[in-house]
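User: Hello! I am new to this structure and would like to walk through it with you. Could you show it to me?

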Amino acid sequence: MVCLAAPQLLLAVTLPLLGSPGATASQPDQSQAGGESGQPLNQEHGAGESVPVAIYVQLDSPDETWLPVLSESLTLPTASPSSSPRTLTGLSLTTVCNVSRQGYISCTCRAGYQWDSSSCSRHRPCSCSDRHLPCSCLVFEHSKPGYCQLLPPVPGNLSLSSGLQPLGSTLKLTLSFSQEISNLTWFLKRPGECWNILQPGAQVSLNFSQDQAVLTVTDMSQEWAGEYMSYFEAQGFLWELHQTVSVPLEASDVAQLLDQPSVTCTSSSGFQLSCCTPKTPLTYTASWSPREDSQASLLHTPSSQCLVLAVPRCPATDTTYTCELQSQGLAPLRVPVFVTILRDGDVTCPEDSLVVAWNVTKAGHEAQAPCPVGKRGVVKRLCGPDGLWGAIDYSCTDTRLLNLFAKAKLLLAGRGKPAEKVPKILAWMSRLVEEASSPSDLVSLLGTIKALAKVVATASVQLNRSALQDLLTTTDKVLDMNISSLWTPAQDKEPSASSDLLLALETLARSLCPPDQPFAFNLTNVQLDSQLYTPSLSPDYRVSLPPVQVQIPQHSLAPHVPNGTNVRITSLLLQKLGQLLPPNYGQELGDALYVTSGQILSISIMAGSQAINQVKVIMNFGDINGSAHCVFWDYRLFQGNGGWSEEGCQVASAQPPPRCICQHLTAFSILMSQCSVPQAPALGLLSQVGLGASIAALLVCLAVYRLVWRVVVRNKVAYFRHASLVNMALCLLAADTCFLGSLLFRPETHSPLCLATAFLSHFLYLATFFWMLAQALVLAHQLLFVFHQLSKHQVLPIMVILGYLCPLGFAGLTLGLYLPRGQYLREGECWLDGKGGALYTFVGPVLVVVGVNGLVLAMAVLKLLRPSLSEGPPAEKRQALLGVAKALLILTPIFGLTWGLGLATLLEEVSIVPHYIFTILNAFQGVFILLFGCLMDKKVREALRKRFCGTQAPSSAISLATNETQVLDHSRGGSEDSR
């Protein structure tokens with residue numbers, strides 16, 4: 001019956017039925033009436049009644065000549081001899097169907113009719129462009145498609161305050177409805193474009209209440225002018241309501257082009273001006289003034305219309321031409337164009353073809369030229385007052401990159417489906433990234449990535465492998481772009497460009513779909529590893545992104561995740577990006593200069609949609625040169641431009657390769673101090689050897705005193721002096737042992753062992769200085785009060801308090817004050833931190849002790865130069881003063897000069913020479929004390945010679961020692977002998 005070669009037309013008709021009761025009527029395929037399930041026509045009615053009846057009719061026709069027949073009256077055939085005839089009083093066409101060559105049937109509803117929502121949900125639309133529209137046309141795969149339904153009254157009303165929205169205003173579209181609605185969706189169709197879905201975004205917000213729904217669009221511009229549609233389901237049908245919104249043009253929407261920036265009337269009889277506007281729902285009329293004898297013509301393009309003014313003769317003077325655009329109900333929009341007339345004798349810049357073609361331009365004026373084909377923007381160049389061309393300001397951007405950027409911004413604003421559009425934009429971007437050849441191109445690329453990251457974060461979009469590969473491929477090529485010619489000018493325009501790129505990559509990298517795990521990707525500048533991890537069932541998380549090694553302890557992550565729950569851990573290593581980030585350093589890093597290896601490591605952990613940030617991560621960045629600082633990029637610093645911070649991070653091991661430990665997740669890197677000394681193995685070896693020699697010398701010194709103690713302390717002053725030296729030796733021996741142990745065994749930074757080592761070293765080194773101060777004070781007392789008697793029971797407790805309790809108080813106060821702040825230990829070392837202030841609790845006392853010793857030494861020198869007769873015989877007195885001066889001249893350089901030089905190295909002195917000098921002086925202090933504090937003492941040498949050789953010293957030496965003792969011990973005052 002049906003010939004598929006000819007069009008197949010399916011009709012569904014609704015008619016009033018006239019006749020007597022008891023009549024029945026039937027048609028083939030009645031099951032198709034009423035959409036896809038009809039009802040039989042077996043109904044009884046009173047005589048003369050008009051009854052609506054639905055009948056499904058199938059007509060086969062090669063053309064549409066059957067349409068006039070539908071207007072004629074038709075008589076139904078009788079079902080039986082007793083039945084009376086029925087007459088069709090009206091016939092309405094509801095559905096027209098066509099059969100394709102593939103055998104599919106596409107059925108379109110006529111005006112006033114529509115497929116019900118049930119049919120729409122089971123069948124696809126006739127074309128892809130109809131997928132967002134109410135289903136007026138459906139495709140059926142069987143030969144009985146049914147027919148469209150008569151639409152009831154519209155259940156809602158779409159209204160807005162004004163169809164003309166000012167620039168920058170807020171649009172509010174209100175859908176009021178009297179019936180319950182569902183599946184409400186908003187769309188926008190701009191001139192020349194398809195329908196775009198509207199979703200909540202930076203500019204779009206949706207509100208729904210019991211009887212109305214409101215669409216709000218902020219900051220209206222030409223991008224938001226067009227036809228708006230609300231699409232919803234009610235009463236079993238899909239409905240669409242429309243409103244057209246117009247936005248006036250602004251000056252930036254008008255493109256004017258002067259074919260020559262400066263017009264030479266001697267060589268040109270005239271010129272042309274163009275005023276081009278995009279096509280909008282508003283009707284604009286354009287005019288030029290002054291016009292005089294000029295001719296204006298209208299030129300149409302697919303996306304714009306231009307009014308071209310042909311000026312046949314040059315004006316006598318420089319003239320401003322104005323393009324005026326008028327639309328009913330709007331104020332005129334005027335766009336001026338300044339034309340410079342060149343005359344004989346004017347200083348000009350000649351024609352040039354650098355980058356683009358430059359016409360003759362008057363001195364002091366800026367020439368403008370259009371961008372090359374395929375690029376958008378303008379090229380500017382200043383003609384100097386001397387007629388020489390200046391530098392070119394090239395602001396051209398690849399049109400395709402600009403379009404991608406525009407799409408990404410609109411997607412962020414709320415126009416389009418993120419799940420569909422984001423992968424497409426990433427795919428196009430990976431193909432177009434190699435076309436970027438200007439700073440403007442790079443800015444567009446970075447802006448696109450930044451906008452997409454915000455879309456993914458706000459819309460919770462998950463990327464598949466292909467989309468993430470496109471992103472990483474683009475990133476690899478972006479990081480390879482030239483720094484001086486592309487990155488530096490781009491960052492001049494967008495200071496936070498590199499910081500924004502890092503944040504965007506962190507956001508996008510952790511958005512991989514869980515079914516696509518695990519995933520690994522490796523390019524020259526980009527390495528990514530993403531995998532599922534179960535803390536309760538797995539050992540420590542480890543990943544290698546050469547040269548970086550990462551470890552997250554299982555015990556650190558397990559408390560944040562329920563038992564048996566998987567988390568997604570994404571590790572992203574970016575090469576070169578560290579060199580592109582601005583050199584902004586947080587307060588704890590101070591004003592020093594740093595360099596970075598360029599490596600940025602980003603780690604993110606996701607438990608479902610929840611990010612886990614507070615975990616311990618251990619990182620090894622490979623071999624570096626210089627003093628290491630473990631840092632992360634803090635986006636909050638420097639007014640949102642970002643900066644490096646050490647908060648929550650420390651160097652666990654300063655020895656190469658350095659190991660970093662951080663207590664949170666973000667983008668990590670490692671900085672090297674530019675002013676720090678490069679790692680020198682010889683320096684470390686020299687320090688260890690020197691400390692070993694110092695410890696051995698101090699042990700020998702203590703052994704010597706054990707042998708000769710009774711001989712050298714026969715008077716009180718000698719007792720005080722040598723008691724101070726013994727305590728200094730003990731303190732220095734213990735301090736050197738602690739320090740050498742920290743170098744050999746390398747305890748982990750912030751471990752209890754390292755903390756104890758730093759505290760003991762601080763206390764013992766301070767004690768060494770305070771015993772030196774105690775000795776200096778005793779000697780100063782004897783220098784000023786030669787005949788005053790000192791008591792051991794009075795002086796020795798004071799020396800013990802000064803030598804041990806005072807340093808212990810300083811060390812304990814420093815520990816309690818700076819440890820809670822995380823500013824006690826120096827990064828990678830078991831020593832005091834120099835940035836937080838802890839180091840100055842050691843530096844201050846050292847400087848005081850050195851200063852006091854210097855004063856005592858100066859006093860001794862003055863006494864030697866100007867002796868007083870009242871203080872005793874001059875010869876004997878000079879011997880006593882010489883003994884005091886000798887002690888100070890030896891001890892002050894050993895301790896004061898050494899640590900004074902050491903302060904510079906602790907504060908990261910630039911040159912390596914002070915480091916070597918300090919290492920030698922500091923490491924061999926025990927040797928110096930043995931040689932100059934112990935063995936150079938004449939009594940010590942005499943006692944050793946007598947003990948081991950059994951001989952006496954020459955009489956002159958004995959006489960000198962006796963005289964010295966008599967003078968210093970006069971009236972039981974006692975003093976120290978000369979060495």
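User: Thanks! In which helix is the place of I798?

Analyst: Happy to help, and please keep in mind that this is a predicted model. Helix α13 covers residues 792–818. The place of I798 is in helix α13.

User: Is I798 buried or exposed?

Analyst: A residue counts as exposed when its relative accessible area is over 50%. The relative accessible area of I798 is 55%, so I798 is exposed.

User: What separates the C-alpha atoms of I798 and A774?

Analyst: Along the chain, I798 and A774 are 24 residues apart. In space, their C-alpha atoms are separated by 8.6 Å.

User: How far apart are the end C-alpha atoms of α13, and what span should its 27 residues have?

Analyst: At 1.5 Å a residue, the 27 residues of α13 should span 39 Å. The value from the model agrees with that, because the end C-alpha atoms are 38 Å apart.

User: Where does α13 bend?

Analyst: The helix has a bend of about 30°. Buried residues of α13 include V795, M799, L802 and G803, and one of these marks the place of the bend. The bend is at L802.

User: What does helix α5 reach from its first C-alpha to its last?

Analyst: Helix α5 takes in residues 465–479, which makes 15 residues. Among its buried residues are A467, L468, L471 and L472. With 21 Å expected at 1.5 Å a residue, the reach of α5 is close to expectation, at 21 Å.

User: Let us turn to the strands. Why is strand β5 largely enclosed by the rest of the structure?

Analyst: Strand β5 is made of residues 95–99, five in number. It is largely enclosed by the rest of the structure because the buried ones among these five residues number four.

User: Which residue in β6 stands opposite V99?

Analyst: Strands β5 and β6 run antiparallel and are joined by five bridges. Strand β6 holds residues 105–109. Opposite V99 in β6 stands I105.

User: Which residue in the hairpin of β5 and β6 takes a positive phi?

Analyst: Five residues lie between the two strands of this hairpin. One of the hairpin's residues has a phi near 95°, a positive value, and that residue is G103.

User: In β8, which residue is the bridge partner of C107?

Analyst: Strand β6 also runs antiparallel to β8, with four bridges joining them. Both faces of β8 (residues 137–140) are covered, with C137 and V139 buried on one side and L138 and F140 buried on the other. The bridge partner of C107 is L138.

User: Which are the edge strands of the open sheet β13-β12-β16-β17?

Analyst: This open sheet has four strands with antiparallel pairing, in the order β13-β12-β16-β17. An edge strand pairs on one side only, and here these are β13 (195–198) and β17 (237–245).

User: And in β16, what is the bridge partner of K189?

Analyst: Strand β12 (residues 182–189) runs antiparallel to strand β16 (residues 226–234), and six bridges join them. The bridge partner of K189 is E227.

User: To finish, how many helices and strands are in the protein?

Analyst: The protein has 979 residues, of which 49% count as buried. About 45400 Å² is exposed, with carbon and sulfur atoms supplying 57% of that area. The elements come to 19 helices and 46 strands.

Conventions. Residues numbered from 1 in each chain as written. Predicted model: local features only at pLDDT ≥ 70, side-chain atom pairs only at ≥ 80, totals over all residues. Heavy atoms only, no water. Buried < 20%, exposed > 50% of the residue type's maximum accessible area, 1.4 Å probe, protein only. Areas by Shrake-Rupley, 256 points an atom, 1.4 Å probe, with all protein chains shown as cover. Pairing = 2+ DSSP bridges. Expected span 1.5 Å × (residues − 1). Bend = angle between axes of the 7 residues up to and from the residue.
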